Every structure is written in C-alpha cells, then in structure tokens.
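Trainee: I've got a structure open and I'd like to practise reading it. Can we go through it with a few questions?

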Amino acid sequence: MAISASTIRLATADDLAGLAILYRQLHPDDPVLRADTLKANLARFAVMPGSGVFIALVDTQIVATVTVVIVPNLTRGGRPFALLENVVTHADFRKQGFGRHLLSTVVDHAWLADCYKIMLLTGSAKPEVLGFYANCGFANTKTGFEMRRVSKRQE
C-alpha cells in the first residue's frame, strides 16, 4: 500500500472507536475506557491551541496516531514547545511509512506553531523503535526523568 493513500488530520469523536483499537495495541493491559470518558478527554484538547490527537487513515481505517500538546512557555522568548505522546501504528500497517509520514506532519505542525523544540519520550529500549525515532529526525540529546502513579509497562 502506498503512503500516498493516507490522510492525516485531527481526530474527532467519530474516530474514538478506531483510536481505541490502536491504544489497545500500545497498552494492552490498560483498562478499557468508557466512550463518554474518551469523548470528554478528546474534547479537552479544544482549549489547548495547536494540541490534539493526530491520525493517519487509509480509506476510513485509522492506521497511526500521535498526541501533540503545544505548551506555552515563559522562557525562550515566549516560544512554546511540543510534547508528543502515544505514538502508535497499527500492527498490520507497520514498516510501510505511515508512522514516519504522520510524525513528519506533526513536526511541521509544531514548527508552524513556532515551537522551539519538540520532545518525545519512549519507554522502549528496542533497537527498531529507537532507530525509527532517530530516522524520523529525533536525537537522544537529553536525560529524561519521570514519576508515575502506575507501574511502568514491561518492554
């Protein structure tokens, strides 16, 4: 399937069932969220300019997604920064360029929002995952720390 067959856009409430399938592949042990919770959480992005859940579609099937949050900033000349999270491509569509195309589009979106940097963390140590992000232009330049209320997933 050619990458040109994909469409990239912001997710809407009508996309939540398809997103739930991808998120199940990303975090299979997570609790299943109720439809009204998913809809309410997606709606919260509307008050965060430039932020949202981006999806790549082939025909009507969601094949990849990434969440983007544009964070206002009081340093760096007031330029915001972007956080990327929940990056996943459907297992049946991996290694076909959909994830790379989606990340490229999201990076362009962040630069257009005048972000001075884009941050992406992964809990994976798999060489193919790290290589994917490096091949998409991300560099391992900082040390990341996190604190969780839930246990870290096993990779």
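Trainee: Which residue in strand 5 does Ala82 stand opposite?

Mentor: Keep in mind that this is a predicted model. Ala82 sits within strand 4, which covers residues 81-89. Look across to strand 5, and the residue opposite Ala82 is Ile118.

Trainee: In which sense do strand 4 and strand 5 pair?

Mentor: Strands of a sheet pair through backbone hydrogen bonds, and there are two options, parallel or antiparallel. Here three bridges link strand 4 and strand 5, and the sense is parallel.

Trainee: Which strands are the edge strands of the sheet?

Mentor: The sheet is open, with five strands in the order 1-2-3-4-5 and mixed pairing. Neighbouring strands are turned by 25° against each other on average, direction ignored. An edge strand pairs on one side only, and that picks out strand 1 (6-10) and strand 5 (118-120).

Trainee: At about what angle to strand 3 does helix 3 run?

Mentor: Helix 3 takes in residues 98-112 and lies across strand 1, strand 2, strand 3, strand 4 and strand 5. Strand 3 itself is residues 61-71, and helix 3 runs to it at about 25°.

Trainee: How many disulfides does the count come to?

Mentor: A disulfide is a covalent bond between the sulfur atoms of two cysteines. The cut-off for the pair of sulfur atoms is 2.5 Å. For Cys115, the nearest cysteine sulfur is that of Cys136, 18 Å away. Neither Cys115 nor Cys136 is in a disulfide, and the count is zero.

Trainee: Is Cys115 buried or exposed?

Mentor: Buried means under 20% relative accessible area. Cys115 has a relative accessibility of 2%, so Cys115 counts as buried.

Terms used:
Residues numbered from 1 in each chain as written. Predicted model: local features only at pLDDT ≥ 70, side-chain atom pairs only at ≥ 80, totals over all residues. Heavy atoms only, no water. Buried < 20%, exposed > 50% of the residue type's maximum accessible area, 1.4 Å probe, protein only. Pairing = 2+ DSSP bridges. Helix = DSSP H or I, 4+ residues; strand = E, 2+ residues; numbered from the N terminus. Axes fitted to C-alpha atoms, helices over the stretch in contact; angles between N-to-C directions. Contact = heavy atoms within 4.5 Å.
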